[in-house]
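Student: I have a chain here and want to know how its labels are earned. Can we go through them one by one?

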Amino acid sequence: MTAKRAAALVFVAATAVTSNAAAVHEFAAAIQAKYNLSYNVPCRLCHIQGTTGAGSVQTPFGISMLAHGLTQDRSTLNPALDALDAQNVDSDGDGVTDINEIKEDSDPNTPLSASLSSGAPTYGCATAGGVCRRGWPVVAAAMGLLLAFRRRRARRAIRGRERRGSASASTGSRASRP
Ligand SMILES: [Ca+2]
(Lines give C-alpha, C1' and ligand atoms only; values in the text may rest on other atoms or scores of the structure.)
Protein backbone atom coordinates (compact mmCIF):
# COMPACT_ATOMS: atom_id res chain seq x y z
CA MET A 1 0.00 0.00 0.00
CA THR A 2 1.41 3.37 -0.97
CA ALA A 3 1.22 6.41 1.30
CA LYS A 4 -1.19 8.01 -1.19
CA ARG A 5 -3.49 5.00 -1.06
CA ALA A 6 -3.37 4.92 2.76
CA ALA A 7 -4.19 8.64 2.91
CA ALA A 8 -7.10 8.11 0.48
CA LEU A 9 -8.37 5.27 2.68
CA VAL A 10 -8.28 7.50 5.77
CA PHE A 11 -10.08 10.25 3.84
CA VAL A 12 -12.81 7.86 2.66
CA ALA A 13 -13.26 6.46 6.19
CA ALA A 14 -13.47 9.94 7.69
CA THR A 15 -15.94 11.08 5.00
CA ALA A 16 -18.13 8.03 5.56
CA VAL A 17 -18.16 8.58 9.31
CA THR A 18 -18.92 12.29 8.92
CA SER A 19 -21.76 11.72 6.47
CA ASN A 20 -23.16 8.97 8.70
CA ALA A 21 -23.07 11.33 11.69
CA ALA A 22 -24.83 14.00 9.63
CA ALA A 23 -27.54 11.50 8.71
CA VAL A 24 -27.94 10.52 12.37
CA HIS A 25 -28.30 14.16 13.42
CA GLU A 26 -30.94 14.55 10.71
CA PHE A 27 -32.85 11.54 12.13
CA ALA A 28 -32.63 12.86 15.69
CA ALA A 29 -33.80 16.32 14.60
CA ALA A 30 -36.65 14.76 12.62
CA ILE A 31 -37.87 12.83 15.68
CA GLN A 32 -37.70 16.03 17.72
CA ALA A 33 -39.71 17.91 15.08
CA LYS A 34 -42.25 15.11 14.59
CA TYR A 35 -43.27 15.09 18.24
CA ASN A 36 -42.57 18.77 18.88
CA LEU A 37 -40.15 17.86 21.66
CA SER A 38 -38.60 20.53 23.85
CA TYR A 39 -35.33 18.60 24.13
CA ASN A 40 -32.67 17.42 21.69
CA VAL A 41 -33.02 13.73 20.96
CA PRO A 42 -29.72 12.06 21.86
CA CYS A 43 -28.01 9.60 19.52
CA ARG A 44 -28.11 7.00 22.29
CA LEU A 45 -31.83 6.63 21.65
CA CYS A 46 -30.87 4.26 18.82
CA HIS A 47 -27.06 3.98 18.91
CA ILE A 48 -25.34 1.93 21.54
CA GLN A 49 -23.34 4.22 23.84
CA GLY A 50 -24.31 7.12 21.58
CA THR A 51 -21.58 6.24 19.09
CA THR A 52 -22.82 6.35 15.53
CA GLY A 53 -21.62 4.17 12.72
CA ALA A 54 -22.43 1.00 10.84
CA GLY A 55 -24.01 -1.65 13.06
CA SER A 56 -24.38 0.68 16.05
CA VAL A 57 -28.20 0.75 16.04
CA GLN A 58 -28.43 -1.79 18.83
CA THR A 59 -30.48 -0.25 21.62
CA PRO A 60 -33.85 -1.92 22.34
CA PHE A 61 -35.63 1.04 20.71
CA GLY A 62 -33.21 1.04 17.76
CA ILE A 63 -33.78 -2.67 17.21
CA SER A 64 -37.56 -2.12 17.33
CA MET A 65 -37.19 0.65 14.73
CA LEU A 66 -35.13 -1.64 12.47
CA ALA A 67 -37.76 -4.37 12.90
CA HIS A 68 -40.39 -1.89 11.74
CA GLY A 69 -38.64 -0.85 8.57
CA LEU A 70 -36.05 1.74 9.55
CA THR A 71 -33.05 1.87 7.23
CA GLN A 72 -30.41 4.53 6.53
CA ASP A 73 -32.93 6.08 4.15
CA ARG A 74 -34.48 9.09 5.89
CA SER A 75 -37.87 8.34 4.28
CA THR A 76 -38.20 5.19 6.41
CA LEU A 77 -38.03 7.09 9.73
CA ASN A 78 -41.60 8.36 10.02
CA PRO A 79 -43.24 5.09 8.84
CA ALA A 80 -41.17 3.16 11.41
CA LEU A 81 -42.14 5.59 14.19
CA ASP A 82 -45.80 5.43 13.12
CA ALA A 83 -45.67 1.62 13.10
CA LEU A 84 -44.26 1.56 16.64
CA ASP A 85 -47.00 3.96 17.73
CA ALA A 86 -49.80 2.00 16.02
CA GLN A 87 -48.61 -1.29 17.54
CA ASN A 88 -47.97 0.19 20.99
CA VAL A 89 -44.44 -1.19 20.96
CA ASP A 90 -42.86 -1.13 24.42
CA SER A 91 -39.22 -2.06 23.86
CA ASP A 92 -38.20 -2.04 27.53
CA GLY A 93 -41.38 -3.73 28.77
CA ASP A 94 -42.17 -1.16 31.47
CA GLY A 95 -45.79 -0.71 30.40
CA VAL A 96 -45.27 2.67 28.69
CA THR A 97 -45.03 2.62 24.91
CA ASP A 98 -41.83 3.78 23.21
CA ILE A 99 -43.49 6.76 21.55
CA ASN A 100 -45.14 7.90 24.79
CA GLU A 101 -41.80 7.60 26.57
CA ILE A 102 -40.13 9.77 23.92
CA LYS A 103 -42.93 12.33 24.21
CA GLU A 104 -42.46 12.37 28.00
CA ASP A 105 -38.65 12.62 27.84
CA SER A 106 -38.26 9.11 29.23
CA ASP A 107 -35.72 6.61 27.89
CA PRO A 108 -37.60 3.82 26.07
CA ASN A 109 -34.50 1.64 26.37
CA THR A 110 -34.77 1.00 30.08
CA PRO A 111 -37.59 0.14 32.48
CA LEU A 112 -35.79 2.24 35.07
CA SER A 113 -36.83 5.86 35.46
CA ALA A 114 -34.37 7.72 33.23
CA SER A 115 -34.61 10.97 31.35
CA LEU A 116 -33.88 10.61 27.66
CA SER A 117 -32.54 14.15 27.32
CA SER A 118 -30.24 14.26 30.32
CA GLY A 119 -30.21 10.92 32.05
CA ALA A 120 -27.20 8.68 31.83
CA PRO A 121 -27.83 5.51 29.84
CA THR A 122 -28.41 2.50 32.06
CA TYR A 123 -27.05 0.15 29.39
CA GLY A 124 -23.60 0.02 27.87
CA CYS A 125 -20.63 1.26 29.84
CA ALA A 126 -20.23 4.89 28.84
CA THR A 127 -22.35 7.98 28.81
CA ALA A 128 -22.82 9.98 25.68
CA GLY A 129 -25.00 12.74 27.05
CA GLY A 130 -26.87 14.52 24.30
CA VAL A 131 -23.94 14.58 21.92
CA CYS A 132 -23.25 12.15 19.12
CA ARG A 133 -19.67 11.01 19.18
CA ARG A 134 -19.62 10.99 15.39
CA GLY A 135 -17.52 7.86 15.25
CA TRP A 136 -14.30 9.70 16.11
CA PRO A 137 -12.80 6.48 17.45
CA VAL A 138 -12.92 5.19 13.87
CA VAL A 139 -11.16 8.29 12.55
CA ALA A 140 -8.56 8.06 15.34
CA ALA A 141 -7.95 4.40 14.51
CA ALA A 142 -7.57 5.24 10.81
CA MET A 143 -5.06 8.00 11.64
CA GLY A 144 -3.18 5.57 13.88
CA LEU A 145 -3.00 3.07 11.02
CA LEU A 146 -1.68 5.74 8.68
CA LEU A 147 1.02 6.75 11.18
CA ALA A 148 1.98 3.11 11.76
CA PHE A 149 2.19 2.59 8.00
CA ARG A 150 4.45 5.67 7.60
CA ARG A 151 6.72 4.52 10.47
CA ARG A 152 7.00 1.04 8.94
CA ARG A 153 7.90 2.56 5.57
CA ALA A 154 10.54 4.78 7.19
CA ARG A 155 12.04 1.76 9.01
CA ARG A 156 12.12 -0.22 5.74
CA ALA A 157 13.89 2.67 4.00
CA ILE A 158 16.52 2.80 6.78
CA ARG A 159 16.99 -0.99 6.65
CA GLY A 160 17.29 -0.80 2.85
CA ARG A 161 19.98 1.89 3.12
CA GLU A 162 21.80 -0.17 5.75
CA ARG A 163 21.65 -3.29 3.55
CA ARG A 164 22.91 -1.39 0.53
CA GLY A 165 25.65 0.12 2.70
CA SER A 166 26.76 -3.27 4.06
CA ALA A 167 26.51 -4.86 0.59
CA SER A 168 28.77 -2.24 -0.93
CA ALA A 169 31.13 -2.55 2.07
CA SER A 170 31.34 -6.35 1.63
CA THR A 171 31.78 -5.94 -2.13
CA GLY A 172 34.51 -3.46 -1.40
CA SER A 173 36.20 -5.81 1.07
CA ARG A 174 35.91 -8.72 -1.41
CA ALA A 175 37.42 -6.54 -4.12
CA SER A 176 40.29 -5.63 -1.85
CA ARG A 177 41.11 -9.31 -1.18
CA PRO A 178 44.08 -10.67 -3.13
CA1 LIG B 1 -41.43 1.44 27.77
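The turns below take up the labels and the values behind them.

Tutor: Keep in mind that this is a predicted model. Its chain averages a pLDDT of 78, and 66% of the residues score at least 70.

Student: Which elements of the chain have the lowest and the highest mean pLDDT?

Tutor: H1 has the lowest, at 66. H3 has the highest, at 98. Over residues 122-131 pLDDT stays under 50. The model still has 21 contacts beyond four places in sequence for that stretch.

Student: What makes up the secondary structure of the chain?

Tutor: Five helices and zero strands. From the N terminus on, the order reads α-α-α-α-α.

Student: What share of the residues in the chain is buried?

Tutor: Buried residues make up 25% of the 178. As for range, take the contacts between residues at least 6 apart in sequence: 49% of them join residues at least 24 apart.

Student: Why is Thr 59 called buried?

Tutor: The cut-off for buried is 20 or more other C-beta atoms within 10 Å. Thr 59 has 26 C-beta neighbours inside 10 Å, so Thr 59 counts as buried. Thr 59 lies in the loop between H1 and H2.

Student: What is Thr 59 in contact with, leaving aside its neighbours within four places in sequence?

Tutor: Arg 44, Leu 45, Cys 46, His 47, Ile 48 and Asn 109. From Thr 59 to Gln 49, C-alpha to C-alpha, is 8.7 Å in space and 10 residues in sequence.

Student: Why is Val 57 buried or exposed?

Tutor: Val 57 has 21 other C-beta atoms within 10 Å, and the cut-off is 20 or more, so Val 57 is buried. Val 57 also lies in the loop between H1 and H2. Beyond four places in sequence, Val 57 is in contact with Cys 46, His 47, Gly 62 and Leu 66. Val 57 and Cys 43 are 14 residues apart in sequence, with 9.5 Å between their C-alpha atoms.

Student: How do you know that Asn 40 is partly exposed?

Tutor: Asn 40 has 15 other C-beta atoms within 10 Å. Buried needs 20 or more, and exposed needs 12 or fewer. The count falls in between, so Asn 40 is partly exposed. Asn 40 lies in the loop between H1 and H2. Asn 40 and Asp 105 are 65 residues apart in sequence, yet 9.8 Å apart in space, C-alpha to C-alpha.

Student: Why does Asp 105 count as partly exposed?

Tutor: Asp 105 has 16 C-beta neighbours inside 10 Å. That value also sits between the two cut-offs, so Asp 105 is partly exposed. Asp 105 lies in the loop between H4 and helix H5 (136-176). Its phi is positive, about 55 degrees, although Asp 105 is not a glycine.

Student: Which class does Asn 88 fall into, and why?

Tutor: Asn 88 has 11 other C-beta atoms within 10 Å. The limit for exposed is 12 or fewer, so Asn 88 is exposed. Its place is in the loop between H3 and H4. Phi of Asn 88 is near 50 degrees, a positive value in a residue other than glycine.

Student: Where is there a glycine with a positive phi?

Tutor: H2 is followed by one, Gly 69, with phi near 100 degrees.

Student: Which residues of H2 are buried?

Tutor: Pro 60, Phe 61, Gly 62, Ser 64 and Met 65. The buried residues of H2 pack against H3 and H4.

Student: Which members of the largest nonpolar core touch the most other members?

Tutor: Ala 28, Ile 31, Leu 45, Cys 46 and Met 65, out of 16 residues. Helix H1 (3-34), helix H2 (60-67), helix H3 (77-86) and helix H4 (98-103) each supply at least two residues of this core. H1 gives the largest share, three residues.

Student: What does Leu 45 contact beyond four places in sequence?

Tutor: Thr 59, Phe 61 and Leu 116. Phe 61 is one of the buried residues of H2.

Definitions and conventions. Residues are numbered from 1 along each chain as its sequence is written. This is a predicted model: local features need pLDDT of at least 70, side-chain atom pairs count only at pLDDT 80 or more; totals for chains, interfaces and linings use all residues. Helices (H or I, at least four residues) and strands (E, at least two) are DSSP runs, numbered from the N terminus. Two residues are in contact if their C-beta atoms, placed from the backbone, lie within 7 Å. A nonpolar core is a set of buried Ala, Val, Leu, Ile, Met, Phe, Trp, Tyr and Cys residues joined through C-beta atoms within 7 Å. pLDDT is the predictor's confidence in each residue, from 0 to 100.
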